[in-house]
Amino acid sequence: MSIKELIFSLTGVEVNTENLADLKAHPRDYTESDEDASLLAELFFLLEQTEESEELP
C-alpha cells in the first residue's frame, strides 16, 4: 500500500505526494484544504508523541 493510500485509509485525507518528510513539513502544500492539512498535522503530532513515550524508560 502506498503512502497516499495509507493516509487516505486512516484519515480520509487525499494527499498528492509520497514524500512523508515533505508532507510532514508542509502539509498544506499537498492537500486540498486547510482542514485536511490540520488533520495531517494532528496525525503527525500523535505519532511524535507516541515515539517520545516509547523512548521513556
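Good morning. Two residues are said to be in contact when heavy atoms of theirs lie within 4.5 Å. With that term in hand, I shall present this structure, which is a predicted model.

I begin with T17, and with the question of which residues T17 is in contact with once its neighbours within four places in sequence are left aside. They are K4, L23 and Y30. T17 is placed in the loop between α1, residues 3–11, and α2. Is T17 buried or exposed? Its relative accessible area is 13%, and buried means under 20%, so T17 counts as buried. The side chain of T17 also reaches the backbone nitrogen of N19, at a distance of 3.0 Å.

One of those partners, K4, deserves a few words of its own. K4 lies in helix α1 and counts as partly exposed, with 35% relative accessibility. Leaving aside neighbours within four places in sequence, K4 is in contact with V15, N16, T17 and E18. As for P27, K4 is 23 residues from P27 in sequence, and their C-alpha atoms are 13 Å apart in space.

Let me now step back to the chain as a whole. The protein chain has three helices and zero strands, and the pattern read along the sequence is α-α-α. The C-alpha trace spans about 40 × 25 × 20 Å along its principal axes. Of the 57 residues in the protein chain, 19% count as buried. The chain exposes about 4300 Å², and carbon and sulfur atoms supply 52% of that area. Among contacts between residues at least 6 apart in sequence, 17% join residues at least 24 apart.

I turn next to the interior. Which residues make up the largest nonpolar core? There are six in all, namely I7, V13, V15, L23, L40 and F44. Within this group, L40 may serve as an example. With neighbours within four places in sequence left aside, L40 is in contact with I7, V13, V15, L23, P27 and T31.

The charged residues come next. Side chains of opposite charge can pair when their charged atoms come close. How many salt bridges does the count give? The count comes to two.

One salt bridge joins the side chains of E48 and K24, with a nitrogen-to-oxygen distance of 3.1 Å. This pair links distant parts of the chain: E48 belongs to helix α3 and K24 to helix α2, residues 20–25, and they stand 24 residues apart. E48 is partly exposed, at 30% relative accessible area, and K24 is likewise classed as partly exposed, at 42%.

The other salt bridge is formed by D34 and R28, whose closest N and O atoms are 2.7 Å apart. Here D34 counts as exposed, with 57% relative accessibility, whereas R28 counts as partly exposed, with 37%.

I close with D36, a residue of helix α3, which covers residues 34–55. D36 is buried and yet has no salt bridge. Why is there none between D36 and R28? R28 is the nearest side chain of opposite charge, but R28 is 7.2 Å away, and a salt bridge requires the nitrogen to be within 4 Å of a carboxyl oxygen; therefore the two do not count as a pair. Neighbours within four places in sequence aside, D36 is in contact with V13 and T31. Both V13 and T31 were also named among the contacts of L40.

Thank you for your attention.

Methods:
Residues are numbered from 1 along each chain as its sequence is written. This is a predicted model: local features need pLDDT of at least 70, side-chain atom pairs count only at pLDDT 80 or more; totals for chains, interfaces and linings use all residues. Side-chain values use heavy atoms; hydrogens and water are left out. A nonpolar core is a set of buried Ala, Val, Leu, Ile, Met, Phe, Trp, Tyr and Cys residues joined through side-chain atoms within 4.5 Å. Buried means under 20% relative accessible area, exposed over 50%, partly exposed in between (1.4 Å probe, protein chains only). Helices (H or I, at least four residues) and strands (E, at least two) are DSSP runs, numbered from the N terminus. Lys and Arg count as positive and Asp and Glu as negative; His and the chain ends are not counted. A polar contact is a pair of N or O atoms within 3.5 Å; within protein, one must be able to donate a hydrogen and the other to accept it, and residues adjacent in sequence count only if both atoms are side-chain atoms. Accessible areas come from the Shrake-Rupley method with a 1.4 Å probe; for residues, only the protein chains shown count as cover.
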